[in-house]
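Colleague: Please take a close look at one part of this model for a first-year student, and set it in its surroundings. Please begin with how far the coordinates may be trusted.

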Amino acid sequence: MDALGSYSLLLAFGFCIYAILAALIGHWKQKPLLQQSSERAVVAVTGLVVVATFCLAVLLLRDDFRVAYVASHSNRALPIYFKFAALWSGQEGSLLWWSCLMALFAATAVSVNRRTHPHLMPYAVAMLMTVLGFFLVLNNFVVNPFALLAMQTPHGPQIFSPPDGGGLNPLLQHPAMVIHPPMLYLGFVGFSVPFAFALSALITRTKGEQWIHITRRWTMIAWMFLTIGILLGGRWAYAVLGWGGYWGWDPVENASLLPWLTGTAFLHSVMMQEKRGMMKVWNMVLIFATFLLCIFGTFLTRSGVLSSVHAFAQSAIGPYFSVFLTGLLVLTSAVLFWRLDFLKSENQLDSLASRESSFLFNNLILLASCFAVLWGTLFPLLSEAVRGVKISVGAPYFNKVQIPIGLFLLFLTGVGPLFAWRRTSFDSLKRNFTRPLLFGALVAIVAFLFGARNFYALMTIFLAFFVIGTIAMEFFRGARVIRQKEELGWAGAMVELTRRNTRRYGGYVIHFGIALLFIGFVGNAFGVHEQAEVLPGDEINVRDYRFVIQGIDQDETDNHIASRARIDVYKGGSLLATMEPERRFYKASQQPTTEVAIWPHLSKPLEILRHPNADIYLVFSGMSDDNQRAVIQVYINPLVLWVWLGGVVMVLGTLIALVPSRPPEPGRPLRRRKPAKERHEVAA
Amino acid sequence: MRTKNLKFIGSAVIILGVLAWLGVSGVQESKTYYVTIPELYAKGDAAYDMRLRVAGDVTPGSIRREQGKVYFQLHQEKQTLDVVYVGRDPLPDTFVDNAQAIVTGRYTPERQFVAQQVQAKCASKYEALPPGAKPEQKPSSSY
C-alpha cells in the first residue's frame, strides 16, 4: 500500500508536468491534439492523487505503524472515524488531502468547460496544474506521507513497526474536527478555479465578463465552503479548547478569515463589472489576492511560522511556500500590468447615494478589514524585521478595529441592496428605509430597557434588526406583486419570488444570516464566568441559574480514561438539564484534555427553541491541590447559538443563489429573451 | 463627475483615517514584547514597564497552587524565572512538569513575573511520538 501510494504520487507529479507543457506548447504551436492530451492528463493526475489518498486512508484504517505518519497520528484504540480524520490531522496528510481536493476541483472544472470555452483552457490548465504541481512537490519530496519508520541496526537501517501508534492529538478528537479541515480546504482550493480562469482570460484577452460567468458558481461554492470551514473551526474551538469563546484572533483563525474577506469583496464587486462594466482591474486584483491569501493561509496553518494554539506542525515547508507565493505574486502582477489597457472601465461613478458607491464602500471596508487582520497577524514578523524586537498584538487591537468595521458593514448590508443603480432619490430612500429604521430602533430600545448598556451591543442590535427589516420588506413587496398576479398564498408567492431570481433573494437570505451572526456576537457583551472548587452536594449560583454537583464518576474506554462531573442545572426551581463536563486522559498520547459540556445541545432543537438565548458552558478543569474538590468553571454565554444559526442560514442562502433562476410565467410564451449578460444579472 | 469621485475619496480617507487611528491605539494597548529569560534580565528596570511574553520550560516539581494562584518556575538557558499565574481562565491541560510554556504578563520589582495568561505545549510538541521511540529511530523514505 505504501509503495502504491508513493509511486502514484510520483507518477501524478510526472503527469502534472506533462499537462503544463502540453497545454502551453499545444497552444503556442496550435496543436489541438496536444491540448486535448493535456486535459486528459489532468484527469490522470486526479486519478493518481485520489489513489494515493486512498492508500493513506487504508494504511490508517489498517493500523500500519511502519508508516511514520500512521504511527504518529493514530493508534489501535482510536475510533474508526477519527482514524479516517487522522488523514488530515498532520502536516503530511493534510497537504496530501489538499492535493486530492485540488485535483478533483481542477478535473471537474476542466471537464465542464473544455468544450464550451476551449480558448480559455490552455492557460487555465497550465495554471491549475502549476498550483497542484507545487503541492505535489511537497507531497513527493518534502513531506512524504508514506515515509516508513526505520531503525539503525548493526546491519544497516531496518524497517521498524512499533506495536502501537502515538495517537491522535486529543484536541483533534472532536466531531467538528472530522469535517472542519475538509470544508476549509474545499474553500481554499475552490478559489483556484476562478483564479486560473481569470488569469487565462486576461492573458488571452477574452472579451467581456465571460470568465466571471464561468466561475461565478465556483466562487460561490468556494466561498460557501470557506464560510462553513471558518464557523466549524469556531465551533471546534468553542467545544474543545474550553476557554468559553469561539474566536480568539489566533493567527490560524485569521489565516482563514483573510481570503474570506477578499472573497466576499469579490462576490460583491463582480456585480459592478457585470452590470456596469466598472472595476475590471479591481476584480482581477481581488480574485488574485483571494487565491494568494488561500495559499498564504495554508502556509500559516502548516508552517508554524507564527506561534499559535493550533499551528500543530513545525517544519521545513516554509521556504517552499515563500518561493511559491512570491512567484505567484510576480506572475499575477506582471500579467495584470501587461494587460492593463484591456481592463478599461466603461462607466464612472454617478452619485454617492447609489448602488455603485455602496459597493465601493463595501469593498473599501472589507479590504481595510483584511489589511488590519493581516497587519495584526504579521505584526511579530514585521516588528522583528523592522525594529529587531518581536512584538505581538492581541485581541484588544483586533476588536478595536474590527468592531467598527463590522458595524459599518452591517449598515451597508442594510442600505446597499436598496440603493438604485446610478443614483437614488430622496423619496425612494424615505420609502425604503423609514420602517426598517424604526423597527431596528424599537428593538434596540427594548434591549436598552432590559438592561443592555454597552454602546457597541446596542448599535449592533439596532443595525441587525434594521437589516432584517429591509430584507423582510423586500420579500414582502415582491411577494405582494406576485400574489396579486398569480393568485398564490403568501408562502407560495415568496417561494415563487425566490425562484424567479435566486441570486437576488438567495443574497438576501445570506444577508439575513449575517444579521443573525452579528446578533450572536452581541452575546459577548453579556457573558459571565465563575469558577468554584466543589464537593458533591455543593451548589454554584450564577445569575438565575443554580448548579448542584451530584457526583463525580470514573469511566474508561480503550482510548481514554475519563472522570465526569454530574451537575444538575436549575432555573427558578425547575430542573433544566443534567450536564456532564469531563476530564479525559488519552492513553496513547499520554495527554489530558477537558470535554466541555454545553447546553442546550445542538442536537436538541426543541430545547434550543425554548431557550434561544442561553448557552451554559461547563468546564471540569481539574482537581484542587488537595485532590478532594473538583474545579468547575461556569460560563453563561448568551446568544452564542445565533452564531451557528446565522452560519446555517448563510449556507442555505448560498445554496438558493446557486439554483438557476426560473424564467417568469412558465407555460406561457416567453417574452423577448434578454441577452445573456443581463439575464445573468438581474440580481442585486 | 470629478466632484462625485472627490466625495467618495474624501469619505474613504476619513473612514480609513479613523480605522488607522483605532489600529494604532489598539496596538499601543495590547502590544506585547517577546523576550527570552536572559533578555528579560538584560532589560533591567525597563522590563517593569512593558507587557512581556516569555517562553521557557516548566521546572519539574515547581508547580504549586495556593489560594487560587499558581506558582511555578520557568527555565531557559540555565536562567530561571519565578512566575505567578493570576488569570481566571483554567490552565491548559498541557501545562505539566517539563512542558514548554509561554507566559504573558508583567515583570515586577519583587523579581516575580505576574502572568495573566499561560499557554503550554507538551514536551512532544503536539506530535506524539511512538511509545518507546528512541532518538536514533529516524523516519526514512520508503523508496
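Modeller: In this predicted model, residues 668-684 of chain A keep a pLDDT under 50, and the model has 17 contacts beyond four places in sequence for them. Chain A as a whole averages a pLDDT of 86, and 95% of its residues score at least 70. Among the elements of chain A, helix α21 (residues 676-680) has the lowest mean pLDDT, 40, whereas helix α2 (residues 32-61) has the highest, 94. A further stretch, residues 308-313 of chain A, has a pLDDT below 50 and 17 contacts beyond near neighbours in sequence. Where pLDDT is low, predicted coordinates should not be read in detail.

The part I have chosen for the close look is strand β13 of chain A, which spans residues 630-636. Are the residues of β13(A) buried or exposed? Seven of its seven residues are buried, so by the criterion of 20 or more other C-beta atoms within 10 Å the strand is mostly covered. Its residues are divided between two directions: A:Ala630, A:Ile632, A:Val634 and A:Ile636 point one way, while A:Val631, A:Gln633 and A:Tyr635 point the other way. Residues pointing in either direction are buried.

Which strands pair with β13(A)? One partner is strand β4 of chain A, residues 528-534, which runs antiparallel to β13(A) and is joined to it by seven bridges. In this pairing, A:Val534 has A:Ala630 as its bridge partner. Another partner is strand β12 of chain A, residues 616-623, also antiparallel to β13(A) and likewise paired with it over seven bridges. Here A:Leu618 is matched with A:Val634.

The strand also leads to the nonpolar cores of the model. The largest of these has 193 residues, and A:Ala19, A:Val45 and A:Leu132 have the most contacts inside it. Helix α9 of chain A, residues 210-241, gives the most to this core, with 18 residues. Apart from that core lies another, of 19 residues, and A:Tyr635 of β13(A) is among its members, as are A:Val596, A:Ala597 and A:Tyr617. As an example from the largest core, A:Val45 is in contact with A:Ala12, A:Phe15, A:Cys16, A:Ala19, A:Ala103 and A:Leu132, once neighbours within four places in sequence are left aside.

A helix offers a useful contrast with the strand. Helix α15 of chain A, residues 426-449, has 24 residues and reaches 33 Å from its first C-alpha to its last, close to the 34 Å expected at 1.5 Å a residue. A kink of about 40° nevertheless lies at A:Phe433, shortly before the proline A:Pro436. The buried residues of α15(A) are A:Asn432, A:Pro436, A:Gly440 and A:Ala444. In an α-helix there are 3.6 residues a turn, so residues three or four places apart point the same way. The elements covering the buried residues of α15(A) include α14 (395-415) and α16 (455-486) of chain A. Just after α15(A), A:Gly451 takes a positive phi of about 105°.

Chain B, finally, shows strands of both orientations. Strand β7(B), residues 112-121, runs parallel to β5(B), residues 79-85, with three bridges between them, and antiparallel to β6(B), residues 100-108, with nine. B:Val83 stands opposite B:Phe113, and B:Arg106 has B:Val114 as its bridge partner. β6(B) and β7(B) form a hairpin with three residues between them, and B:Arg111 in the turn has a positive phi of about 55°.

Notes: Residues numbered from 1 in each chain as written. Chains lettered and ligands numbered in written order. Predicted model: local features only at pLDDT ≥ 70, side-chain atom pairs only at ≥ 80, totals over all residues. Helix = DSSP H or I, 4+ residues; strand = E, 2+ residues; numbered from the N terminus. Expected span 1.5 Å × (residues − 1). Bend = angle between axes of the 7 residues up to and from the residue. Buried ≥ 20, exposed ≤ 12 C-beta atoms within 10 Å, placed from the backbone. Contact = placed C-beta atoms within 7 Å. Pairing = 2+ DSSP bridges. Core = buried A, V, L, I, M, F, W, Y, C linked by C-beta atoms within 7 Å. pLDDT = per-residue confidence, 0-100.
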